Amino acid sequence: MLELNSHPAGRHFLQIPGPTNVPDDVLRAIDHPTIDHRGPEFQKLGLKVLADAKKVFQTEQPVIVYPGSGTGAWEAALVNVLSPGDAVLMAETGHFASLWRKLAERLGLAPEFIPGDWRSGVDAERIHERLAADPQHRIKAVCVVHNETSTGVTSDIAAVRRAIDVAKHPGLLMVDTISSLGSVDFRPDEWGVDVTVAGSQKGLMLPPGLSFNAVSARAIEASRHAKLPRAYWAWDEILAANANGFWPTTPATNLLYGLAVAFDRLLAEGMPAVFARHKRHAEATRRAVRGWDLEIVCRNPAEYSPALTAVMMPADGKGGVHDADALRRIVLERFNMSLGTGLSKLAGRVFRIGHLGDFNDLTLLGTLGGVEMGLQAAGVPHRKGGVQAAIDYLAEAAPPRASLKAA
């Protein structure tokens, strides 16, 4: 934490891909006095939040809200529908897919990991091949990450569902949308997703502290027979209490106040407009990266993430690459901006630009300006003019006038 007397002028640019910047009206809502979570005022809040969650998640399924992180929602998804030793098919798309697999192992499951190169999304054909080779249906679930936060790669979930259906396999489909929910178009009902995993601190524009499971009827039925131990994460008691706007345990009351306002913001803008805004800012960012003559981690343009862009550092002429963390440190110290670090096998080789959540054209241009100045200050080889490429695109691809209205 910076000392008060040393705090630099101006706002800090938090441009990591989550937690994201929290809008002022959401912060003010969280600042509301805490109320009785068994009383009528809270009941009204609970019913509103649960109803609006379905609209934001684009589902008719129940959305379960936990006080917890996205990791908790991972665990909740697994323990509610699976039994000890169950086989689970997962795909290696990056750091967070790998962490979900490790969590499954620690719970006593038997995850099978389809290897990947950390530059591509889920290979639906390989999902199909593996499920087709499982006539005994030993695999009970397919778990994939929609938007891999470590690499900036978005996977085609509809294609994964088709692969499962063509294989005529009954395995449940579970999808991590922690860095895509509220930023990237995701349609759990249309795509046949049984459990959607999400968190509050990215596209939903809240601090960390809330996590979510949206659950299908098939998943709820599976939960009645699953044998993994669960108590805090158990869906049945939460769903029963939610029917009346309450929770069986103490909810994160003040975060729910903020969530209600965040949902209001998203729904007022309209989810299609929210997704279009994120795609527009992502394209502008990629044009800047290409303008700098740097390489994007994601190889396939069809899989580019609307939520973040991961950028590879150039070669240093000594058999390695320029240090991404040294660049990030200079950007933070000189320009008061935080960029995302490279994770595990990408450590020191990649930096990540978050462009999700409460974000507009000027925020993006400030972010890209900080990156371009940082590249120059760090002595990283690049072409100048990336920011201008983004400006040119944003000026040509202007948003609809309705989205420019003051809140």
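**Exercise 1. Place strand 8 among its parallel partners in this predicted model.**

Solution.
Step 1. Strand 5 (residues 139-145) runs parallel to strand 8, and five bridges join the two.
Step 2. Fix the register on that side: Val-142 stands opposite Leu-173 of strand 8.
Step 3. Turn to strand 9 (residues 195-199). Three bridges pair strand 9 with strand 8, again in the parallel sense.
Step 4. Fix the register here too: Val-175 has Thr-196 of strand 9 as its bridge partner.

**Exercise 2. Decide how enclosed strand 8 is, and sort its side chains by direction.**

Solution.
Step 1. Apply the cut-off: buried means under 20% relative accessible area.
Step 2. Five of the five residues in strand 8 (residues 172-176) are buried, so the rest of the structure largely encloses this strand.
Step 3. Split by direction. Leu-172, Met-174 and Asp-176 point one way, while Leu-173 and Val-175 point the other way.
Step 4. Check both groups: all are buried, Asp-176 included.

**Exercise 3. Lay out the open five-stranded sheet and find its edges.**

Solution.
Step 1. Write the order: 1-13-14-12-11, with mixed pairing.
Step 2. Strand 1 (13-15) and strand 11 (295-296) each have a single partner strand, so one side of each lacks a neighbour in the sheet.
Step 3. Look at strand 13 (residues 337-341) and strand 14 (residues 350-354): they run antiparallel, joined by two bridges. Gly-340 has Arg-352 of strand 14 as its bridge partner.
Step 4. Add helix 10 (residues 271-291). Helix 10 packs on the sheet, touching strand 11, strand 12 (308-312) and strand 14. The direction of helix 10 makes about 15 degrees with that of strand 12.
Step 5. Add helix 11 (residues 324-335), which lies across strand 13 and strand 14 and runs at about 165 degrees to strand 13.

Key
Residues are numbered from 1 along each chain as its sequence is written. This is a predicted model: local features need pLDDT of at least 70, side-chain atom pairs count only at pLDDT 80 or more; totals for chains, interfaces and linings use all residues. Side-chain values use heavy atoms; hydrogens and water are left out. Two strands pair if DSSP finds at least two bridges between them. Helices (H or I, at least four residues) and strands (E, at least two) are DSSP runs, numbered from the N terminus. Contact means heavy atoms within 4.5 Å. Axes are lines fitted to C-alpha atoms, for helices over the stretch in contact, and angles run from 0 to 180 degrees between N-to-C directions. Buried means under 20% relative accessible area, exposed over 50%, partly exposed in between (1.4 Å probe, protein chains only).
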